[in-house]
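Subject: Structure handover

Hello,

Here is the structure I said I would pass on. My notes on what was found in it follow below.

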Amino acid sequence: MKHLDVEGIGPVSRIGLGTWQFGSREWGYGDQYASGPARDIVQRARALGVTLFDTAEIYGFGKSERILGEALGDERADVVVASKIMPIAPFPAVVRQRARASAQRLGVDRIPLYQIHQSNPLVPDSVIMPGMRDLLDRGEIGAAGVSNYSLERWRKADAALGRPVVSNQVHFSLAHPQALDDLVPFAERENRMVMAYSPLAQGLLGGKYGPDNRPGGVRAMNPLFGTENLRRIQPLLNTLRDVGAEVGAKPAQVALAWLISLPGVVAIPGASSVEQLEFNVAAADIELSTESRDALTAAARAFRPASAGRFFTDLLREKVGR
């Protein structure tokens, strides 16, 4: 397993495990989930060298944190558990209380990485970050991070904290490569970490779907899976297939390998089964040539998805035309 050394945290695996699905009923959460699939996924992840586990208080309204903590058991102290606070009324006393509640659910005395889940458009970081700084000073968290922050807001958070905000967790994949423009260069320059969530674009980058094979369920309402976007993304998927043929890997694994080949970037795909986890973690062993990485980057930048308005207009036409 490849690792990234992060200030205040130490080495973290370049492929982590996102655990949103641990507390979500649409992923099969039930009374037996914590002692069954979740435990098996986490234990297998540890055996494969995964040291980064991401959760949040909002995932299943605390269920994900509880399930992850129970699944890690005695190994909680040996990994980097990252959790997040939703910044509603994020005054210092509230931030401290919410962090302690998350730590209790996780079964830890100290949260290695504690993150602001969203940038609050109404409350500046000068209000939010004093609570995070207090947690750092008390040793209740190891490092402070943010999520879904622009570079400008990340810099403001830095200034408000008075020390480095070590990470920014953002929507980042070959199908959504905007972080390449500013966040990744900043992370490389300042020795920070970009955590890529939805690194496979909900399975889009696996190459299974196309204009004549659209998915159902939740994905059916994602504009990326609209007929027009499934047509537009074919050049990128073809590049993934070509590179996959060269390195003996599947398109989704190549997509993960591309992400973690970038400086300062780790990926946190979810996994609903041990098999899916093993598939994702195997991407850490893929070595991409400079030519392959550049080809993937060019294909990602060339992908121009249609607007959400176009998606819903097409969807309406499809339904009316039936």
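A salt bridge here is a side-chain nitrogen of Lys or Arg within 4 Å of a carboxyl oxygen of Asp or Glu. This is a predicted model, in which local features need pLDDT of at least 70 and side-chain atom pairs count only at pLDDT 80 or more, while totals for chains, interfaces and linings use all residues. Residues are numbered from 1 along each chain as its sequence is written, and side-chain values use heavy atoms, with hydrogens and water left out.

Salt bridges

There are 18 salt bridges in the structure. In one of them, Asp54 pairs with Lys84, and the closest N and O atoms are 2.7 Å apart. Asp54 is in strand 4 and Lys84 in strand 5, so this pair ties together parts that are 30 residues apart in sequence. Helices (H or I, at least four residues) and strands (E, at least two) are DSSP runs, numbered from the N terminus. For burial, the cut-offs are relative accessible areas under 20% for buried, over 50% for exposed, and in between for partly exposed (1.4 Å probe, protein chains only). Asp54 is buried at a relative accessible area of 2%, and Lys84 is buried at 0%.

Arg153 and Asp125 form another salt bridge, with the closest N and O atoms 2.4 Å apart. Here Arg153 belongs to helix 5 and Asp125 to helix 4, so the pair ties together parts 28 residues apart in sequence. Both ends count as buried: Arg153 has 15% relative accessibility and Asp125 has 3%.

Glu228 and Arg232 form a salt bridge within helix 7 (residues 227-232), with 2.8 Å between the closest N and O atoms. They are four residues apart, about one helical turn. Glu228 is buried, with a relative accessible area of 12%, whereas Arg232 is partly exposed, at 30%. Arg96, Asp134 and Arg138 are joined into one network by salt bridges that share partners.

The sheet

Eight strands make an open sheet in the order 3-4-5-6-7-8-9-10, and the pairing is parallel. Strand 3 (17-18) and strand 10 (265-267) are at the edges with a single partner strand each, so one side of each has no neighbour in the sheet. Two strands count as paired if DSSP finds at least two bridges between them. Strand 5 (residues 80-85) and strand 6 (residues 111-116) run parallel and are joined by four bridges. Ile85 stands opposite Ile116 of strand 6.

Helix 5 (residues 151-161) packs on this sheet and touches strand 7 (141-147), strand 8 (167-171) and strand 9 (193-197). Its direction makes about 150 degrees with that of strand 7. Helix 9 (residues 251-260) also packs on the sheet, touching strand 9 and strand 10, with about 150 degrees between its direction and that of strand 10. Contact means heavy atoms within 4.5 Å; axes are lines fitted to C-alpha atoms, for helices over the stretch in contact, and angles run from 0 to 180 degrees between N-to-C directions.

Helices

The buried residues of helix 5 are Leu151, Arg153, Trp154, Ala157, Asp158, Ala160 and Leu161. They pack against helix 4 (125-138), strand 7, strand 8, helix 6 (183-190) and strand 9. Gly162 follows helix 5 and has a positive phi, near 80 degrees.

In helix 2 (residues 63-72), seven of the ten residues are buried, so this helix is largely enclosed by the rest of the structure. The seven are Ser64, Glu65, Ile67, Leu68, Gly69, Ala71 and Leu72. Their cover includes helix 1 (37-47), strand 4 (52-54), strand 5 and helix 3 (92-106). Gly73, just after helix 2, has a positive phi of about 55 degrees.

Helix 8 (residues 234-247) packs with helix 9 at an angle of about 90 degrees, the axes being 8 Å apart. The two are therefore roughly perpendicular (65 to 115 degrees). Helix 8 contributes Leu240, Arg241, Val243, Gly244 and Val247 to the contact, and helix 9 contributes Pro251, Val254 and Ala255.

Pro263

Pro263 is in the loop between helix 9 and strand 10. At 31% relative accessibility, Pro263 counts as partly exposed. Not counting residues up to four places away in sequence, Pro263 touches Val184 and Glu188. The C-alpha atoms of Pro263 and Phe186 are separated by 9.9 Å, at 77 residues apart along the chain.

Regards

Terms used. Parallel < 35°, antiparallel > 145°, perpendicular 65-115°, else oblique.
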